[in-house]
Amino acid sequence: MKSSKLLVLILLLLGGFAKAQRPPIIVSPQVHADKSVTFRYFSKTAKEVKLSGEFLKDPVSLSKDTSGVWSITVPSITPDIYPYNFVVDGTGVSDPNNTYVFANERFKRSIVNIPGDKPLVHSLQNVPHGKITYQLYNSKSLNTTRQVLVYTPPNFDASGKTKYPVLYLIHGGSDTEETWTKVGNANFIADNLIAQGKAKPMIIVMPYGNVRPAPMPDFTKDVVNDVIPFIEENYPVKAGSENRAVAGFSVGGGQTLHIGFTNTDKFGYICSYAPFTATEEFKKNFDNWTPNADLINKQVKLFTISVGTDDFLYESVKKNIAMFEEKKIKIKPLIVSGGHTWMNCKLFLANSLQEIFK
């Protein structure tokens, strides 16, 4: 009898302890109708919590209530998809109450989606949708099995007669093969533009650009010798360089230049977004480059470099544009406002999808 009473007492104490330790249920981020957003973070022990986001010029401080919930409401954010994070006593952390996580290997960020009054090009709309498939392929170049994401357009039939052009789309440095879909909404952008008749139905292939511990230039070998053959063996694709494009952002923008211009017989479209080119690979390939401009201009139907005027790479990108122009390579620059952001990435991709395979 005494032992059973003792057990009940212990269970009550443990239940009370667990209840005391359980954090309150909070919503974060909370997007309001007026485009303001409330962010919340729970910590009874933190001394300072700040919010950092690409919708802010500088981090801002949150206020703490008596229950340990820190919060702030940011007014009138321009509709878009934005990365953000909390800085808790100097350490950056993602929002623990938000399952929408930025796919990245270095920093911890979350994502907030602020819808527009009218559907934005990257938004989920009531149109036919394509499909994202996670595929594994054998990379002989890297002697390993790797993952690649493949977007197939609406009404895709693997056994059908229709064949498709292919865009090979590369993420930024420290991002992953999932970033173009989880942050850039590349699949929704393609869905919407295809539905509007502004883009051709196409397959979009998103490989993983980090090949370390192998040398980073080996990514070109992986794409050309392993990824492309895998796609062309397993999907109904159109043959020829005029049905093949390569695009990428930041480090991926630099990789796009390497892949495209060392294989102009394989890619009819080269679209580089805010390329990072301060690498040994770029120096080796382009410092003393003496291209056959006439041949390249015949092979490459469209070559674009895009960048924002507030991008920290803006000046180097301008020099790269000038270098290609000096080499007599036909180039179509796209200069917009904004920085080195995935907000601009979505804009650049939407622009490219309307120009390739036409």
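**Exercise 1. Decide whether Phe267 is buried or exposed in this predicted model.**

Step 1. Take the relative accessibility of Phe267: 0%.
Step 2. Recall the cut-off: buried means under 20%.
Step 3. Phe267 therefore counts as buried.

**Exercise 2. Classify the aromatic pair of Tyr168 and Phe267, and place both residues in the chain.**

Step 1. A search of the whole structure gives 24 aromatic pairs.
Step 2. For Tyr168 and Phe267, the distance is 6.3 Å centre to centre, with 90° between the planes.
Step 3. Planes over 60 degrees apart count as edge-to-face, and this pair is edge-to-face.
Step 4. Tyr168 belongs to strand 12 (residues 166-170), while Phe267 sits in the loop between helix 5 (251-261) and strand 15 (269-273). They are 99 residues apart, so the pair links distant parts of the chain.
Step 5. Tyr168 is buried too, at 1% relative accessible area.

**Exercise 3. Do the same for Phe286 and Phe324.**

Step 1. The ring centres are 5.8 Å apart and the planes meet at 70°, so the pair is edge-to-face.
Step 2. Phe286 lies in helix 6 (residues 280-286) and Phe324 in helix 8 (residues 314-326), 38 residues apart.
Step 3. Phe286 has 3% relative accessibility and counts as buried. Phe324 is buried as well, at 0%.

**Exercise 4. Compare the span of helix 4 with its expected span, then find where helix 4 bends.**

Step 1. Helix 4 (residues 218-234) has 17 residues.
Step 2. At 1.5 Å a residue, 24 Å is expected.
Step 3. Helix 4 reaches 23 Å from its first C-alpha to its last, close to that value.
Step 4. The bend is about 30°, at Val227. Pro229 follows within four residues.

How values were computed: Residues numbered from 1 in each chain as written. Predicted model: local features only at pLDDT ≥ 70, side-chain atom pairs only at ≥ 80, totals over all residues. Heavy atoms only, no water. Helix = DSSP H or I, 4+ residues; strand = E, 2+ residues; numbered from the N terminus. Expected span 1.5 Å × (residues − 1). Bend = angle between axes of the 7 residues up to and from the residue. Phe/Tyr/Trp six-rings, centres within 6.5 Å; stacked < 30°, edge-to-face > 60°. Buried < 20%, exposed > 50% of the residue type's maximum accessible area, 1.4 Å probe, protein only.
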